[in-house]
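Here is a small set of exercises to work through with the model open beside you. Try each task before reading its solution.

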Amino acid sequence: MALVEINALSFSYGRAPVLKDLSFSIEQDSTLGIVGESGSGKSTLIRVLCGLMPVQSGIARYDGRDISEWLDREPRGFRRRNQIVFQSPASSLDPRMRVGQSLAEPTKSLERRTPSDEELGQWLTVVGLGPEALQRYPHQLSGGQLQRVAIARALTVNPTMLYADEPTSALDVSIQAQVLNLLIEIRRRLGLTMVIVSHDLAVVGRVCEQVIVMRNGEIVESGPTASVLRYPEHEYTKSLVNAARAVSLGASHDAADAII
Amino acid sequence: MLTIRDLTIHVGNNQIVGIDELDIERGARLGLVGESGSGKTMTAMSLVGLQHRDCRVTGSVQFDGRELIGCGEKDLARIRGSDVGMIFQDPLRALNPTMRVGRQIGEAIRLHARTSRAQLRARVHDLMTQVRLPDPDRLARCYPHQLSGGQQQRVLIAMAIACDPKLLIADEPTTALDVTVQKEILDLLVRLSSEKQMAMLFVSHDLGVVRAVSEQVAVLYSGRLVEVGPSDAVIGDPRHRYTEALVAANPGLISSDETDVLIGQPLPTITGSVPAPGAAPSGCAFRNRCAYATDACEAVPPMKNVDSERRFTCWNPSVDVKAGSHGTR
């Protein structure tokens with residue numbers, strides 16, 4: 001069943017169109033990767049989908065109901081179900097709040113109750129940190145640990161959808177692997193539907209079953225990740241695959257030249 | 001051309017970096033790889049006296065026969081930007097937001113050479129063409145924020161090569177860029193380096209990026225070199241367990257028949273993180289994160305030579321020197 005359905009969705013900042021007539025759907029329990037360069041509209045798209053930006057034109061449905069309607073009638077219910085993790089963990093956590101306070105925020109505002117330290121500590125355990133991190137301030141944690149906290153914060157309200165906007169771009173390769181593994185694991189354990197935005201095909205190729213390639217606000221190619229990466233059809237996708245292969249350790253340089 | 005011997009960097013009583021020996025030949029490209037906190041940026045900065053004022057640098061860095069450590073600020077300032085060019089990770093932060101980019105590139109030239117206004121303008125145009133900036137005359141009049149990230153980095157490269165440096169220090173120059181733009185910038189750096197016989201010290205956390213640029217790679221862990229050698233050999237057949245783990249943690253680009261199988265499968269990781277300054281274990285600094293650590297690792301491992309070009313320092317390498325140098329691939 002399609003959990004999210006998009007039909008002829010468009011969005012513009014002022015007069016500049018950012019999303020142009022997009023249509024696609026996201027199946028329940030699937031993982032979708034959205035790739036594209038800066039300015040392709042990928043971040044705007046997921047901000048619309050999780051209700052941080054309005055649906056300006058076209059149809060965007062979540063669980064069979066218009067997202068605008070959700071936001072009107074049941075904003076907290078919608079936000080509880082749709083959580084997002086941002087690129088820079090350092091700037092998405094309040095530097096003056098202890099980790100415990102930051103983690104409690106979604107539950108306080110969306111469920112109108114104060115979660116116990118025990119409950120929050122359990123979420124920290126889920127993301128591979130100990131409950132002792134509750135007392136820490138963001139500056140006392142490393143980039144990888146902060147991203148784990150941001151993921152835990154998104155999980156505290158038991159979402160159905162987890163959006164992640166470039167969740168590992170600010171991290172070292174070695175830490176990136178840890179965070180990707182965490183996303184893979186929590187998805188499996190909690191049965192989440194997950195959407196990952198990334199400019200890195202290698203990241204998407206490791207985590208997502210489906211992929212959408214965006215350029216200038218349009219979808220230029222989509223399909224199962226395995227076949228899109230192996231047999232890219234659109235010129236832009238080919239250039240993305242080539243660029244990724246040039247810095248990839250997995251494939252030989254000859255293979256990268258062969259695809260053009 | 002660049003000869004580093006017994007370079008140490010201390011902050012307070014903690015030694016952050018200790019590099020016994022590292023050379024860059026004229027026109028050669030060396031990649032310095034390490035995780036955040038490994039000391040790679042500190043090393044690169046200290047070569048030209050740009051370390052933080054709390055750092056104490058000792059040892060020897062010979063550049064073209066001149067000793068740079070202990071060299072006066074005046075001499076260092078003359079070397080920086082002329083004989084040694086530099087580019088950094090975040091281009092927008094390295095550019096003056098209130099100055100048109102043409103003038104900024106011109107400033108890089110004027111600081112080190114006397115030129116007439118017409119000569120200067122021609123030189124700026126020439127540099128902008130060399131770094132493949134489109135429509136140089138128009139872009140020269142733009143402010144940095146009007147340029148894309150890739151264009152900003154090209155402007156910085158133009159400034160860095162303005163005085164035909166013999167060495168370019170590039171500190172994560174593509175980390176903030178998209179994959180496609182990253183490839184263009186890497187290609188540009190390789191082309192400039194080959195054409196101008198300009199040596200390059202390329203600092204990055206990403207082995208894939210390093211291999212795309214440099215023939216040689218030096219892997220840094222907790223301020224110490226753990227493996228040095230030709231990039232293809234080190235990445236294809238790593239000896240030190242740390243290098244091996246770094247290679248494995250790279251997601252690669254899955255394009256073979258395994259793709260369907262690998263999606264959703266966990267990547268091999270390195271547990272924990274780089275030790276804080278002064279908190280590294282004795283002996284091999286990697287041993288508390290290493291799956292192959294034994295009691296032997298409590299002692300400092302010796303540097304072993306695979307051949308004249310390759311060396312590593314590990315008690316339990318994936319292939320030992322005596323066992324022969326056949327790959328494990």
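**Exercise 1. Place A:Val18 in its surroundings and decide whether A:Val18 is buried or exposed.**

Step 1. Start with the secondary structure: A:Val18 belongs to strand 2 (residues 16-27) of chain A. Helices (H or I, at least four residues) and strands (E, at least two) are DSSP runs, numbered from the N terminus. This is a predicted model, in which local features need pLDDT of at least 70, side-chain atom pairs count only at pLDDT 80 or more, and totals for chains, interfaces and linings use all residues. Residues are numbered from 1 along each chain as its sequence is written, while chains are lettered from A and ligands numbered from 1 in the order in which they are written.

Step 2. Count neighbours. A residue is buried if 20 or more other C-beta atoms lie within 10 Å of its own, exposed if 12 or fewer, and partly exposed in between, with C-beta atoms placed from the backbone. A:Val18 has 21 other C-beta atoms within 10 Å, so A:Val18 is buried.

Step 3. List the contacts, where two residues are in contact if their C-beta atoms, placed from the backbone, lie within 7 Å. Setting aside neighbours within four places in sequence, A:Val18 touches A:Phe11, A:Ser12, A:Tyr13, A:Gly41, A:Thr44 and A:Gly217.

Step 4. Add a distance: from C-alpha to C-alpha, A:Val18 and A:Gly39 are 7.9 Å apart, with their positions 21 residues apart in sequence counted as separation.

**Exercise 2. Work out the strand order of the open sheet of four strands in chain A.**

Step 1. Use the pairing rule: two strands pair if DSSP finds at least two bridges between them.

Step 2. Strand 1 (residues 2-13) of chain A pairs with strand 2 of chain A in the antiparallel sense over eight bridges. In this pair, A:Ser12 stands opposite A:Pro17. The two strands form a hairpin with two residues between them, and A:Gly14 in the turn has a positive phi of about 60 degrees.

Step 3. Strand 1 of chain A also runs antiparallel to strand 4 of chain A, joined by five bridges. Here A:Asn7 has A:Ile59 as its bridge partner.

Step 4. Strand 4 (residues 57-62) of chain A pairs with strand 5 of chain A, again antiparallel, over two bridges. A:Arg61 has its bridge partner, A:Asp66, in strand 5 of chain A.

Step 5. Put the pairs together: the order is 2-1-4-5. Strand 2 and strand 5 (65-66) of chain A stand at the edges with a single partner strand each, so one side of each lacks a neighbour in the sheet.

**Exercise 3. Describe the backbone and exposure of A:Asp63.**

Step 1. A:Asp63 sits in the loop between strand 4 and strand 5 of chain A.

Step 2. Although A:Asp63 is not a glycine, its phi is positive, at about 55 degrees.

Step 3. A:Asp63 has 17 C-beta neighbours inside 10 Å and therefore counts as partly exposed.

**Exercise 4. Characterise the contact between chain B and chain A, then look at helix 11 of chain B.**

Step 1. Chain B brings 34 residues to the contact and chain A brings 37 residues.

Step 2. On the chain B side, helix 8 (179-196), helix 9 (207-213), helix 11 (241-249) and helix 12 (259-262) each supply at least two residues.

Step 3. Sort that side by class: Ala, Val, Leu, Ile, Met, Phe, Trp, Tyr, Cys and Pro count as nonpolar, Asp, Glu, Lys and Arg as charged, and the others, Gly among them, as polar. The result is 16 nonpolar, 13 polar and five charged residues.

Step 4. In helix 11 of chain B, eight of the nine residues are buried, so the helix is largely enclosed by the rest of the structure. Among them are B:Arg241, B:Glu244 and B:Leu246.

Step 5. These buried residues pack against helix 8 (173-190) of chain A, and also against helix 9, strand 9 (216-221), strand 10 (224-230) and helix 10 (231-236) of chain B.

**Exercise 5. Find where pLDDT stays under 50 in chain A.**

Step 1. pLDDT is the predictor's confidence in each residue, from 0 to 100. For chain A the mean is 91, and 96% of the residues reach 70 or more.

Step 2. Over residues 251-260 of chain A, pLDDT stays under 50. Where pLDDT is low, the predicted coordinates should not be read in detail.
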